[in-house]
Amino acid sequence: MGKKLCGTNYPTSICFIVVNEFCERFSYYGMKAVLTLYFVSYLKWDKDLSTAIYHAFSGLCYFTPILGAVIADSWLGKFKTIIYLSIVYVIGHVVKSVGAIPTVGNTDVHIGLSMFGLILIALGTGGIKPCVAAFGGDQFDEEHIKERQKFFSIFYMSINAGSVLSTLITPILRGDVKCFGDDCYALAFGVPAALMVVALAVFIFGSGMYKKTPPQGNVLGEVCKCIGFAIKNRWNSSKDGLKRKHWLDWAEDKYPKRLIQEIKMVLRVLVLYIPLPMFWALFDQQGSRWTLQATRMNLAFGESFTIKPDQMQLLNALLILVFVPIFDLIIYPLVGLCRIKITPLRKMATGMIFAALAFGAATLVEINVVKTVVEPAPADQSLLQVFNLADGDVSVKVAGGNLFQDPIKKLQDPSAYELLPLGAPNKELRFDVMFKETSYSCSHEFEERKAYSLIVHEKAPGIECKLVEDYITKNEDGNPNVRFFNTLPEAMNITVGETEFYVPQKYSMSANSSVNRGPYAAVRCSHQTKQCENLYLGLLDFGASYSIVLVEEEGKIVAKKMEDVKANNVHIAWQIPQYALLTAGEVMFSITGLEFSYSQAPNSMKSVLQAGWLLTVAFGNVIVLIVAEGAGLEQWKEFLLFGCLLLGVCVIFSFMAHFYTYVDPEQLSKMYAGDSGKEEEEDDDKKKKHDDIPLNEKETSTKM
């Protein structure tokens with residue numbers, strides 16, 4: 001008998017298992033929290049490819065538990081499976097972290113290391129998923145049922161604790177810590193890797209205290225063999241016109257009736273699983289599409305507190321802890337008082353509706369979010385805005401066009417870009433500039449799909465035009481972009497926060513760089529020969545792109561701020577309703593679904609249903625992968641599509657649920673309990689007779 005905790009019936013070994021699970025979940029969710037932004041910002045993939053790879057990884061994490069269960073049940077046992085696959089897990093984390101170090105190879109090396117690391121992580125986390133909780137349950141004696149139930153509650157809490165803390169911490173490590181001159185993804189992946197090393201070390205440290213059960217045989221494999229035999233036997237007997245009540249009854253020639261009856265019960269539940277992947281297709285987009293949506297929103301709560309876009313995911317884990325007792329203790333009893341019969345399948349259908357409503361809310365948010373986004377120009381067109389730095393109003397006309405009808409005032413911030421027709425992929429256009437009743441002309445080459453600023457300034461004997469290419473794409477981490485235009489005769493060095501700008505002299509533009517969001521009342525600047533007074537830039541807000549013109553006024557250098565791309569004006573708090581709706585849907589769908597599945601299957605078949613449940617999550621991620629890469633829709637239309645698809649699936653699921661008859665697996669156990677010995681004798685006699693008859697008679701017997 002193993003050691004107990006402080007005189008209780010709790011084995012000491014469960015402490016190591018709970019700590020192991022906390023560290024492992026921290027490593028998994030911490031890595032996954034920053035994964036989408038890593039693809040977009042570090043590997044420079046577009047949003048659709050980033051979403052597709054994110055969900056391909058998530059799907060693989062839910063396919064591999066089947067492999068882990070087979071290895072544990074048929075070969076290594078749970079303990080060795082956890083050890084060996086955790087080592088694979090650690091190697092994956094290390095490879096993934098190395099791939100995020102900019103000095104290690106080129107982009108192709110980073111992509112290769114990242115993909116190899118993610119595959120190893122998927123094998124590790126998925127492989128140990130079905131083993132750890134079951135291994136913890138194995139530590140208890142059969143008579144300590146209440147203690148085992150409390151252990152699973154503590155185990156579940158450790159999962160949520162690891163998820164909440166990691167989703168809070170790793171985005172801070174990514175964004176607030178700078179390494180190699182940029183966001184520190186190597187640290188954001190390295191800390192989860194270290195936690196996985198701790199998880200493995202803790203688990204190994206407790207090895208002398210564990211109760212280790214040998215492999216019991218693979219139930220899933222036995223079920224597959226039975227189904228395969230029934231199909232084969234029915235096919236071989238179809239020519240003789242023989243019939244049986246159920247197609248699985250054709251397996252009675254080889255397998256016991258109890259097993260066949262249990263498989264029938266499981267298949268009835270698995271058929272109900274067919275529509276379920278659509279729910280997970282919506283649910284798992286919290287870490288991909290919803291995180292990308294958050295990057296284009298205002299992330300500030302007051303003047304001093306801001307959150308990272310990838311931190312919003314922790315809201316789901318927090319709301320789960322709040323919603324579970326609210327639903328169990330308040331909502332379900334109140335609905336019951338209204339004489340509405342609450343069944344598990346009705347709860348699940350309602351959960352689907354809530355998830356669809358969440359994507360309806362996400363659609364409304366997205367429609368407003370994109371109002372501040374500058375869309376690239378279509379083919380054979382460019383985008384153009386004009387900065388007037390001359391000492392007076394100017395009028396700008398494009399040869400053969402009707403743009404810029406109104407005069408442009410000095411240092412006027414352009415309200416929006418104008419579409420400039422080219423009629424070809426590249427074209428040189430002439431501009432006529434009217435200044436103080438004198439017309440000047442200038443010509444510049446334009447390229448389709450790009451955005452430009454035409455800067456008009458005085459230069460003896462008249463007006464000069466300078467064309468610069470603009471950066472209109474919002475930063476994926478939500479921070480603003482800044483560039484400086486110098487009208488002074490000397491070059492300048494400017495430091496905005498931790499970002500340094502070199503601004504060439506005489507009407508030249510600096511490079512475009514990202515800076516942290518915030519108010520900048522006193523920015524350091526210097527000439528090549530002397531210091532200058534601090535510049536006032538004001539608030540550089542989330543999602544904006546600024547062109548800051550440096551001019552001299554009354555002997556002082558002054559910064560004039562132009563907003564090329566508008567700041568994000570939809571607050572991140574508007575994502576809270578969609579998270580609340582989706583989490584409410586999760587409580588009714590996911591928790592109820594597991595409860596329903598376990599209540600409708602015999603004890604020996606629960607692992608089969610667990611495998612089926614995990615596969616619904618995997619196929620849900622496959623659906624997102626296909627839509628993200630194949631549909632090519634605007635984001636708000638894609639959200640609306642997913643919501644409508646889930647409502648349609650909900651109707652189908654409700655129709656299927658209407659014809660489902662609930663069963664009690666305990667009745668099956670009682671029905672076969674008294675007949676088990678008799679059935680075994682019949683099976684032995686059947687096998688003996690089957691071996692004694694000639695080959696041609698064996699075939700006839702099998703067909704019957």
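**Exercise 1. Locate Asp 380 in this predicted model and decide how open it is to the surroundings.**

*Solution.*
Step 1: Begin with the position. Asp 380 sits in the loop that links α12 (344-369) to β5 (381-388).
Step 2: Look at the backbone. The phi of Asp 380 is positive, about 65°, although this residue is not a glycine.
Step 3: Turn to accessibility. Buried means under 20% and exposed means over 50%. Asp 380 has a relative accessible area of 30%, so it is partly exposed.

**Exercise 2. Treat Lys 506 in the same way: in which loop is it found, and is it buried or exposed?**

*Solution.*
Step 1: Lys 506 belongs to the loop between β14 (499-503) and β15 (508-509).
Step 2: Its phi is near 55°, a positive value in a residue other than glycine.
Step 3: With a relative accessible area of 58%, Lys 506 is exposed, because the cut-off for that class is over 50%.

**Exercise 3. Describe how helix α2 and helix α3 pack, and say which residues make the contact.**

*Solution.*
Step 1: Recall what is needed. A pair of packed helices is described by the angle between their axes and the distance between those axes.
Step 2: Fill in the values. Helix α2 (residues 35-42) and helix α3 (residues 47-99) meet at an angle of about 140°, and their axes are 4 Å apart.
Step 3: Choose the word. Angles over 145 degrees would count as roughly antiparallel; α2 and α3 are therefore oblique to each other.
Step 4: List the partners. From α2 come Leu 35, Thr 36, Tyr 38, Phe 39, Val 40 and Tyr 42, while α3 supplies Ser 50, Ile 53, Tyr 54, Phe 57, Lys 96 and Gly 99.
Step 5: Sort them by class. The contact of α2 with α3 has 8 nonpolar, 3 polar and 1 charged residues.

**Exercise 4. Find out how many residues of α2 are buried, and what covers them.**

*Solution.*
Step 1: Count. In α2, 7 of the 8 residues are buried, so this helix is largely enclosed by the rest of the structure.
Step 2: Name them. The buried residues are Leu 35, Thr 36, Leu 37, Tyr 38, Phe 39, Val 40 and Tyr 42.
Step 3: Look around them. The cover includes α1 (13-33), α3, α4 (107-138), α5, α6 (185-205) and α10 (289-294).
Step 4: Follow the chain onward. After α2 comes Lys 44, which has a positive phi near 65°.

**Exercise 5. Work out the surroundings of Thr 167 and of Asp 310.**

*Solution.*
Step 1: Place Thr 167. This residue lies in helix α5 (residues 145-175). Its relative accessible area is 4%, so it is buried.
Step 2: Check its side chain. A polar atom there lies 2.6 Å from the backbone oxygen of Ser 163.
Step 3: Find its neighbours. Leaving aside residues up to four places away in sequence, Thr 167 touches Tyr 29, Ala 33, Asp 310, Gln 311, Gln 313 and Leu 314.
Step 4: Move to one of those neighbours, Asp 310. Asp 310 is in the loop between β4 (305-306) and α11 (314-337), and at 0% relative accessibility it counts as buried.
Step 5: Look for a polar partner. The side chain of Asp 310 makes a polar contact with the side chain of Arg 174, at 2.9 Å.
Step 6: Complete the picture. With the same sequence neighbours left out, Asp 310 touches Ala 33, Val 34, Leu 37, Thr 167, Pro 171, Arg 174 and Thr 291.

**Exercise 6. Characterise Leu 581: which helix holds it, and which residues does it touch?**

*Solution.*
Step 1: Leu 581 is part of helix α13 (residues 576-599).
Step 2: At 23% relative accessibility, Leu 581 counts as partly exposed, because buried would need a value under 20%.
Step 3: Beyond residues up to four places away in sequence, Leu 581 touches Phe 354, Ala 355, Leu 357, Ala 358 and Ala 361.

**Exercise 7. Step back and describe the protein chain as a whole.**

*Solution.*
Step 1: The chain has 18 helices and 22 strands.
Step 2: Its division is into domain 1 (9-216), domain 2 (256-372 + 571-673), domain 3 (376-470) and domain 4 (473-567). The C-alpha centres of domain 1 and domain 3 are 55 Å apart.
Step 3: Along the principal axes, the C-alpha atoms fill a box of roughly 115 × 60 × 55 Å.
Step 4: Of the 704 residues, 50% are buried.

Technical notes
Residues are numbered from 1 along each chain as its sequence is written. This is a predicted model: local features need pLDDT of at least 70, side-chain atom pairs count only at pLDDT 80 or more; totals for chains, interfaces and linings use all residues. Side-chain values use heavy atoms; hydrogens and water are left out. Helices (H or I, at least four residues) and strands (E, at least two) are DSSP runs, numbered from the N terminus. Buried means under 20% relative accessible area, exposed over 50%, partly exposed in between (1.4 Å probe, protein chains only). A polar contact is a pair of N or O atoms within 3.5 Å; within protein, one must be able to donate a hydrogen and the other to accept it, and residues adjacent in sequence count only if both atoms are side-chain atoms. Contact means heavy atoms within 4.5 Å. Domain bounds come from an automatic or database domain assignment. Axes are lines fitted to C-alpha atoms, for helices over the stretch in contact, and angles run from 0 to 180 degrees between N-to-C directions. Angles under 35 degrees count as roughly parallel, over 145 as roughly antiparallel, 65 to 115 as roughly perpendicular and the rest as oblique. Ala, Val, Leu, Ile, Met, Phe, Trp, Tyr, Cys and Pro count as nonpolar, Asp, Glu, Lys and Arg as charged, and the others, Gly among them, as polar.
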